[in-house]
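Here is a small set of exercises to work through with the model open beside you. Try each task before you read its solution.

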Amino acid sequence: MELFGTLLPLLLMFAIFYFLLIRPQQKKQKKIREMHNALQRGDKIITIGGIHGTVDAVDEDIMVILVNDNRKLTFDRAAVREVVNPD
């Protein structure tokens, strides 16, 4: 009985830690991974560095984006912060 009394607070703290920190972070990472996998030509994006452009080509891990005056820049797929397509 005493063992249960000492383990209960520890288990409770782990459960709170899981639901407040670990689980939301996993959901956020999954959403970002899905966004990166769904990138396609013509998507308007913003990179982590704040560059706005349009996806011109997408390869396995690399993509080419068009920016001002049709200049092409090459980025890793992971550099995309968000897709801003008007739906």
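**Exercise 1. Find the accessibility class of R81 and of its salt-bridge partner.**

Step 1. R81 has a relative accessible area of 45%, which makes it partly exposed (buried is under 20% relative accessible area, exposed over 50%, partly exposed in between, with a 1.4 Å probe and protein chains only).

Step 2. The partner is E82, with the closest N and O atoms 3.4 Å apart; a salt bridge here is a side-chain nitrogen of Lys or Arg within 4 Å of a carboxyl oxygen of Asp or Glu.

Step 3. E82 is also partly exposed, at 32% relative accessibility.

A word on the ground rules: this is a predicted model, in which local features need pLDDT of at least 70 and side-chain atom pairs count only at pLDDT 80 or more, while totals for chains, interfaces and linings use all residues. Residues are numbered from 1 along each chain as its sequence is written, and side-chain values use heavy atoms, with hydrogens and water left out.

**Exercise 2. Count the salt bridges in the whole structure, then trace those of D56.**

Step 1. Searching the whole structure gives three salt bridges.

Step 2. One of them joins D56 to R41, with 3.1 Å between the closest N and O atoms. D56 sits in strand β2 (residues 52–58) and R41 in the loop between α1 (2–37) and β1 (44–47), so this pair ties together parts 15 residues apart in sequence. Helices (H or I, at least four residues) and strands (E, at least two) are DSSP runs, numbered from the N terminus.

Step 3. D56 also meets the side chain of K72 in a salt bridge, at 3.4 Å from N to O. Since K72 belongs to strand β4 (residues 71–76) and D56 to strand β2, the parts tied together here are 16 residues apart in sequence.

Step 4. Now compare burial. D56 is buried, at 13% relative accessibility; R41 is exposed, at 63%, and K72 is exposed, at 56%.

Step 5. Through shared partners, salt bridges join R41, D56 and K72 into one network.

**Exercise 3. List the residues of the largest nonpolar core, and say which strand gives the most to it.**

Step 1. Recall the rule: a nonpolar core is a set of buried Ala, Val, Leu, Ile, Met, Phe, Trp, Tyr and Cys residues joined through side-chain atoms within 4.5 Å.

Step 2. The largest such core has ten residues: M35, L39, I45, V55, M63, I65, V67, F75, A79 and V80. Strand β3 (residues 62–67) gives the most to this core, with three residues.

Step 3. Look around I65. Beyond four places in sequence, its contacts include I45, I51, V55, L73 and F75, where contact means heavy atoms within 4.5 Å.

Step 4. T47 is another residue that touches I65; its list, again beyond four places in sequence, also has F75, A79, V80 and R81. T47 lies in strand β1 and is buried, at 1% relative accessibility.

**Exercise 4. Describe the geometry of the aromatic pair.**

Step 1. Rings of Phe, Tyr and Trp (its six-membered ring) pair if their centres lie within 6.5 Å; planes under 30 degrees apart count as stacked, over 60 as edge-to-face and the rest as tilted. The count comes to one aromatic pair.

Step 2. That pair is Y18 and F19, edge-to-face, with 5.2 Å from centre to centre and 80° between the planes.

Step 3. Y18, found in helix α1, is partly exposed at 29% relative accessibility, whereas F19 is exposed at 52%.

Step 4. Leaving aside neighbours within four places in sequence, Y18 contacts R23, P24 and Q26.

**Exercise 5. Work out how far V64 lies from F19, in sequence and in space.**

Step 1. V64 and F19 are 45 residues apart in sequence and 38 Å apart in space, C-alpha to C-alpha.

Step 2. V64 is in strand β3. Outside four places in sequence, V64 is in contact with T54, V55, D56, A57, K72, L73 and T74.
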